[in-house]
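Trainee: Hi! Have you got a few minutes to go through a structure with me?
Mentor: Sure, put it up and ask away.

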Amino acid sequence: MGSETPLKLPIIDFSNLGQNPGAAEWDLVKLQVRKALEEYGCFEALFDKIPAESRKAIFGAVEELFDLPLQTKMRNASKKPYHGYVGQYPQVPLFESMGIDDANIAEEVESLTTILWPQGNQSFRFTPFSALFLTFPLCTTTRFQKKKKKCLIALVV
């Protein structure tokens with residue numbers, strides 16, 4: 001029993017993807033993602049285009065978002081399934097997700113910021129999203145998930 005090998009997640013490098021989603025390097029990464037999700041359900045993503053300081057600010061803003069009271073988080077509502085705030089399921093009690101539609105549009109982020117922080121929150125409004133959308137110009141939805149106090153940022157194009 002003591003000889004079990006610890007699970008090692010696949011590591012997928014997104015650093016060298018160009019702006020052409022039809023290119024061969026994109027196809028290779030898509031295959032790696034699919035295989036990792038089928039076999040492990042997740043993977044570790046490498047992406048060196050976002051500076052460490054920006055990553056720290058992004059994760060700080062996401063923690064601040066999930067630290068809001070439940071009633072406040074529930075103000076981020078959406079008519080689309082699994083958009084807005086998702087959580088509080090008895091089957092997965094530690095799972096929360098917060099989707100922000102059109103997060104690449106400053107006015108949409110500002111609107112959500114006003115809904116969640118009526119008194120204002122400049123650091124949330126600007127810090128995380130400027131870095132994300134300078135790097136990922138194709139993104140239209142940002143989904144944050146919190147599982148067991150770990151944050152995952154998934155950018156949906």
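Trainee: Let's start with one residue. Is Ser 15 buried or exposed?
Mentor: Ser 15 is buried, because its relative accessible area is 5%, and the cut-off for that label is under 20%. Bear in mind as we go that this is a predicted model.

Trainee: Okay, and where does Ser 15 lie?
Mentor: You'll find Ser 15 in the loop between strand 1 (11–13) and helix 1 (24–39).

Trainee: Which side chain does Ser 15 make a polar contact with?
Mentor: With the side chain of Asp 13, at 2.8 Å.

Trainee: And if I skip the neighbours within four places in sequence, what is Ser 15 in contact with?
Mentor: A run further along the chain: Leu 46, Phe 47, Asp 48 and Lys 49.

Trainee: Let me zoom out. How many helices and strands are there in the chain?
Mentor: The chain has five helices and six strands. Following the sequence, the pattern is β-α-β-α-α-β-β-α-α-β-β.

Trainee: What share of the residues counts as buried?
Mentor: 32% of the 157 residues. As for the surface, the chain exposes about 10,500 Å², and carbon and sulfur atoms supply 58% of that.

Trainee: What about contacts over long sequence separations? What percentage comes from residues 24 or more positions apart?
Mentor: Taking the contacts in the chain with a separation of 6 or more, 57% are between residues 24 or more positions apart.

Trainee: Switching to aromatics. How many aromatic pairs does the structure hold?
Mentor: Just one aromatic pair. The partners are Phe 14 and Phe 43, with ring centres 6.0 Å apart and planes at 25 degrees, so the pair is stacked.

Trainee: Why does that angle make it stacked?
Mentor: Because planes under 30 degrees apart count as stacked, and the planes of Phe 14 and Phe 43 are at 25 degrees.

Trainee: Which parts of the chain does the pair tie together?
Mentor: Phe 14 sits in the loop between strand 1 and helix 1, while Phe 43 sits in the loop between helix 1 and strand 2 (44–46), so the pair ties together parts that are 29 residues apart in sequence. Phe 43 itself is partly exposed, with a relative accessible area of 25%.

Trainee: Salt bridges next. How many are there?
Mentor: The count comes to three salt bridges. One of them joins Asp 27 and Lys 30, with the closest N and O atoms 3.3 Å apart.

Trainee: How far along the helix are Asp 27 and Lys 30 from each other?
Mentor: About one helical turn, because they are three residues apart in helix 1. Asp 27 counts as partly exposed, at 35% relative accessibility.

Trainee: What about Arg 34 and Glu 38?
Mentor: Their side chains meet in a salt bridge too, at 2.8 Å from N to O. Arg 34 and Glu 38 are four residues apart in helix 1, so about one helical turn separates them. Both residues are exposed.

Trainee: And how do the side chains of Lys 73 and Glu 96 meet?
Mentor: In a salt bridge as well, 2.6 Å from N to O. This pair links distant parts of the chain, with Lys 73 in helix 3 (residues 70–73) and Glu 96 in strand 4 (residues 92–101), 23 residues apart.

Trainee: Are Lys 73 and Glu 96 buried or exposed?
Mentor: Both Lys 73 and Glu 96 are buried.

Trainee: Any nonpolar surface patch to look at? Which residues make it?
Mentor: Leu 7, Leu 9 and Tyr 40 make a nonpolar surface patch of about 290 Å². Leu 9 is in the segment before strand 1, and it counts as partly exposed at 32% relative accessibility.

Trainee: Last one, backbone angles. Which residue has a positive phi although it is not a glycine?
Mentor: That would be Gln 88, with a phi of about 65 degrees. Gln 88 lies in strand 3 (residues 85–89) and is partly exposed, with a relative accessible area of 46%.

Trainee: Great, thanks for the tour!

Terms used:
Residues are numbered from 1 along each chain as its sequence is written. This is a predicted model: local features need pLDDT of at least 70, side-chain atom pairs count only at pLDDT 80 or more; totals for chains, interfaces and linings use all residues. Side-chain values use heavy atoms; hydrogens and water are left out. Helices (H or I, at least four residues) and strands (E, at least two) are DSSP runs, numbered from the N terminus. Buried means under 20% relative accessible area, exposed over 50%, partly exposed in between (1.4 Å probe, protein chains only). A polar contact is a pair of N or O atoms within 3.5 Å; within protein, one must be able to donate a hydrogen and the other to accept it, and residues adjacent in sequence count only if both atoms are side-chain atoms. Contact means heavy atoms within 4.5 Å. Patches are made of residues with over 30% relative accessible area and no salt bridge: like charges are joined within 9 Å, nonpolar side chains (Val, Leu, Ile, Met, Phe, Trp, Tyr) within 5 Å. Accessible areas come from the Shrake-Rupley method with a 1.4 Å probe; for residues, only the protein chains shown count as cover. A salt bridge is a side-chain nitrogen of Lys or Arg within 4 Å of a carboxyl oxygen of Asp or Glu. Rings of Phe, Tyr and Trp (its six-membered ring) pair if their centres lie within 6.5 Å; planes under 30 degrees apart count as stacked, over 60 as edge-to-face and the rest as tilted.
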